[in-house]
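User: Hello! Could you take a close look at one part of this chain for me and walk me through how it sits in the rest of the fold?

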Amino acid sequence: MCLALLWCLQMVAAPPAGVASASSGAGAFDPRHAIDGDHGTRWASDMRDGEWWQLALAQPQCIAGIKIDWETAYAEQYHVDVAGADTNWHTVYATSDGDGQTDFIFFAPVTAAFVRINCERRATGWGNSIYELALLAATNAPRLVASTAGADPAALMDGPTTGSRWPSPKRSPSVV
Ligand SMILES: [Ca+2]
């Protein structure tokens, strides 16, 4: 990741306004510690799979991503669900091979009133633990540009398919 992008993402990582709750975790591990702006505090669940953390936003807002700073006890398999005010949940991201640390996740912009991290399978014998979590706007998403007009460079990042591609023009240099 380029330093400029990293700087940009760090700058927008302000704690979201809302009420945090979770399936477990209290006291020093209260769910609100995942959005208190302090990387010295954290939410931690009980030591079992299937735990979750949830944010009820102070007001619905359009989001296009989420940044999760995991503690050493992270979820290896988890999914992120979003719901509007109608509490109609849908999954915007899922992984089965998370590696903890910091996850920058982007998805199609959606108006969210609730965001939930569903920790399906832990990576360690401990619980699931998050230092800080931030919501990202579409303007924070990485953009691809290329020297070829008319060829969409986003085809390089549209998932694990070989059916799409970015073709360079028949000249050099070409950049993407
Ligand atoms: Ca914290």
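The part I would like to understand is the loop that holds His 33, between strand E1 and strand E2. Is His 33 buried or exposed, and which residues does His 33 touch?

Analyst: Happy to help, and please keep in mind that this is a predicted model. Let me begin with the overall layout and then come to your residue.

The protein chain has 1 helix and 7 strands, and along the sequence they follow the pattern α-β-β-β-β-β-β-β. Of its 176 residues, 26% count as buried. Among contacts between residues at least 6 apart in sequence, 68% join residues at least 24 apart.

Now to His 33. This residue is in the loop that runs between strand E1 (18-22) and strand E2 (43-44). His 33 counts as buried because 22 C-beta neighbours lie inside 10 Å, where the cut-off for buried is 20 or more. Leaving aside residues up to four places away in sequence, His 33 touches Thr 41, Arg 42 and Trp 43. A further link spans the sequence: the C-alpha atoms of His 33 and Glu 132 are separated by 7.4 Å, although the two residues are 99 apart along the chain.

Glu 132 brings us to the strands. Strand E7 covers residues 129-136 and runs antiparallel to E3, with 6 bridges joining the two. One of the facing pairs there is Gly 65 opposite Leu 136 in E7. E1, the strand before your loop, also pairs with E3 (residues 51-70): 5 bridges join them, and they run antiparallel. In that pairing, Gly 18 has Leu 57 in E3 as its bridge partner. E3 is further joined to strand E6 (residues 102-122) by 14 bridges, again antiparallel, and Gln 61 stands opposite Ala 112 in E6.

For contrast with your loop, here are two residues from other loops. Thr 87 is in the loop between strand E4 (75-83) and strand E5 (89-95). Thr 87 counts as exposed because 9 C-beta neighbours lie inside 10 Å, and its phi is near 55°, a positive value in a residue other than glycine. Gln 101, in the loop between E5 and E6, also has phi near 55°, again positive in a residue other than glycine. With 11 C-beta neighbours inside 10 Å, Gln 101 counts as exposed.

So, back to your question: His 33 is a loop residue that counts as buried, and its contacts include Trp 43.

Terms used:
Residues are numbered from 1 along each chain as its sequence is written. This is a predicted model: local features need pLDDT of at least 70, side-chain atom pairs count only at pLDDT 80 or more; totals for chains, interfaces and linings use all residues. Helices (H or I, at least four residues) and strands (E, at least two) are DSSP runs, numbered from the N terminus. A residue is buried if 20 or more other C-beta atoms lie within 10 Å of its own, exposed if 12 or fewer, and partly exposed in between; C-beta atoms are placed from the backbone. Two residues are in contact if their C-beta atoms, placed from the backbone, lie within 7 Å. Two strands pair if DSSP finds at least two bridges between them.
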